[in-house]
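Here are my notes on this one, jotted down while going through the model. Have a look at the structure first, then read on.

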Amino acid sequence: MKDAYTKLRLDTPADGVLRVTISEPARLNAVDATAHRELGEIWRDADRDASVRAIVVRERAPPSPPAATCP
């Protein structure tokens with residue numbers, strides 16, 4: 001299942017938990033057509049996997065600005 005997605009990163013931080021991370025930090029995690037399709041597909045894929053009991057969706061933090069640009 002993990003190799004099927006280009007905009008999402010999947011991992012299992014605990015038994016039965018699938019963590020889905022939207023991973024487009026350079027674009028501030030904006031959801032384009034591909035990410036939108038993948039977000040729809042992940043629910044079907046997780047439903048087929050008997051080991052998944054919970055799903056957590058989060059975003060990857062965008063890169064921090066250089067210290068010189070902070071007020």
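1. Let's start with the strands. β1 (residues 8-14) and β2 (residues 17-22) run antiparallel, and five bridges join them. If you want a spot to check the register, Leu10 sits opposite Val20 in β2. Keep in mind throughout that this is a predicted model.

2. Now the turn. The hairpin of β1 and β2 has two residues between the strands, and Gly16 takes a positive phi there, near 85°.

3. On to the other partner of β2. Six bridges join β2 to β3 (residues 54-59), and this pair runs parallel. Here the register can be read from Arg19, which stands opposite Val56 in β3.

4. How do you get from β2 to β3? Helix α1 (residues 33-48) joins these two strands in a β-α-β unit, and that unit is right-handed.

5. Ser23 deserves a closer look. You'll find Ser23 in the loop between β2 and α1. Is Ser23 buried or exposed? Its relative accessibility is 6%, and buried means under 20%, so Ser23 counts as buried.

6. What does Ser23 touch, leaving out residues up to four places away in sequence? The list is Lys7, Arg9, Asn29 and Arg60. With one of them, Arg60, there is also a polar contact: the side chain of Ser23 and the side chain of Arg60 are paired at 3.5 Å.

Terms used. Residues numbered from 1 in each chain as written. Predicted model: local features only at pLDDT ≥ 70, side-chain atom pairs only at ≥ 80, totals over all residues. Heavy atoms only, no water. Pairing = 2+ DSSP bridges. Helix = DSSP H or I, 4+ residues; strand = E, 2+ residues; numbered from the N terminus. Right-handed = clockwise from strand over helix to strand, strands pointing away. Buried < 20%, exposed > 50% of the residue type's maximum accessible area, 1.4 Å probe, protein only. Polar contact = N/O pair within 3.5 Å; in protein donor to acceptor, adjacent residues only side chain to side chain. Contact = heavy atoms within 4.5 Å.
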